[in-house]
Amino acid sequence: MDDRTEYEKLITVFFQVVDSKRGMKLSENDKWLFDAETLAVKLFYHLASMLHLSFGTYLPKFDDRKHNFFDHASINVLARVAFETYFTFFFIYCDGDCGVEERRFRHLLWKLSAPVDRQEFNVVSETGLQKLAFEKKIIEKMLAELQSNK
């Protein structure tokens with residue numbers, strides 16, 4: 001079996017695992033687990049895109065062979081993002097060295113990171129300023145939740 005066939009089989013199994021959890025009902029206490037599906041689907045998309053690019057890229061408007069190429073750089077970028085997504089998924093949801101409460105804490109920190117980063121944006125539009133003000137309230141609520149998890 002060649003590497004590509006083995007890779008196809010592995011991502012097919014991965015897709016089946018991810019898809020088996022689709023639409024699963026979660027209790028209010030377990031809503032934080034919803035993002036596990038989001039990260040798993042994102043990882044699947046990255047892996048599938050890498051497979052697609054491995055067949056080469058052909059530009060149909062050009063008839064010469066110079067425009068049929070293997071895009072190493074794009075596959076490298078996707079591989080890096082796939083690793084980052086996997087590491088995030090593992091760190092939040094799978095790390096057996098910590099308990100559920102610590103994983104919930106990690107999830108909350110991860111969710112908090114994006115709106116905190118956006119607070120540093122230089123926004124000038126009224127819509128952007130409103131969005132930042134709205135997110136600031138969300139940040140305050142999340143920080144309060146983090147404080148209560150001591």
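**How three helices pack together**

In this predicted model, helix H2 passes helix H3 in a left-handed crossing. Let us look at that pair in detail. Two packed helices are described by the angle between their axes and by the distance between the axes. Here H2 covers residues 34-54 and H3 covers residues 72-94; their angle is about 160°, and their axes lie 9 Å apart. An angle over 145 degrees counts as roughly antiparallel, so H2 and H3 are roughly antiparallel to each other.

Which residues of H2 and H3 make the contact? From H2 come Asp35, Ala36, Leu39, Ala40, Lys42, Leu43, His46, Leu47, Ser49, Met50, Leu53 and Ser54. H3 contributes Ser74, Ile75, Leu78, Ala79, Val81, Ala82, Thr85, Tyr86, Thr88, Phe89 and Tyr93. Sorted by type, the residues of this contact are 15 nonpolar, 6 polar and 2 charged.

To see the contact from a single residue, find alanine 82, which is in helix H3. Leaving aside residues up to four places away in sequence, alanine 82 touches Leu43, His46 and Leu47, and these three are among the H2 residues of the contact. Is alanine 82 buried or exposed? Alanine 82 counts as buried because its relative accessibility is 6%, and the cut-off for buried is under 20%. If you would like a sense of distance, try lysine 31: it is 51 residues from alanine 82 in sequence, and the two C-alpha atoms are 24 Å apart in space.

Now follow H3 to its other partner here, helix H4, made of residues 100-118. H3 and H4 pack at an angle of about 140°, with their axes 7 Å apart. H3 and H4 are therefore oblique to each other. On the H3 side, Thr88, Phe91, Ile92, Tyr93 and Cys94 make the contact, and on the H4 side Arg103, Arg106, His107 and Trp110 do. This contact of H3 with H4 divides into 5 nonpolar, 2 polar and 2 charged residues.

Cys94 brings us to a last topic. A disulfide is a covalent bond between the sulfur atoms of two cysteines. How many disulfides does a search of the whole structure find? The search finds 0. Why does cysteine 94 not form one? The closest cysteine sulfur to that of cysteine 94 belongs to cysteine 98, and at 10 Å it is too far for a bond; a disulfide needs the two sulfur atoms within 2.5 Å. As for their surroundings, cysteine 94 is partly exposed, with a relative accessible area of 37%, whereas cysteine 98 counts as buried at 9% relative accessibility.

Note on methods
Residues numbered from 1 in each chain as written. Predicted model: local features only at pLDDT ≥ 70, side-chain atom pairs only at ≥ 80, totals over all residues. Heavy atoms only, no water. Axes fitted to C-alpha atoms, helices over the stretch in contact; angles between N-to-C directions. Helix = DSSP H or I, 4+ residues; strand = E, 2+ residues; numbered from the N terminus. Parallel < 35°, antiparallel > 145°, perpendicular 65-115°, else oblique. Left-handed = near helix turned anticlockwise from the far one by under 90°. Contact = heavy atoms within 4.5 Å. Nonpolar A, V, L, I, M, F, W, Y, C, P; charged D, E, K, R; others polar. Buried < 20%, exposed > 50% of the residue type's maximum accessible area, 1.4 Å probe, protein only.
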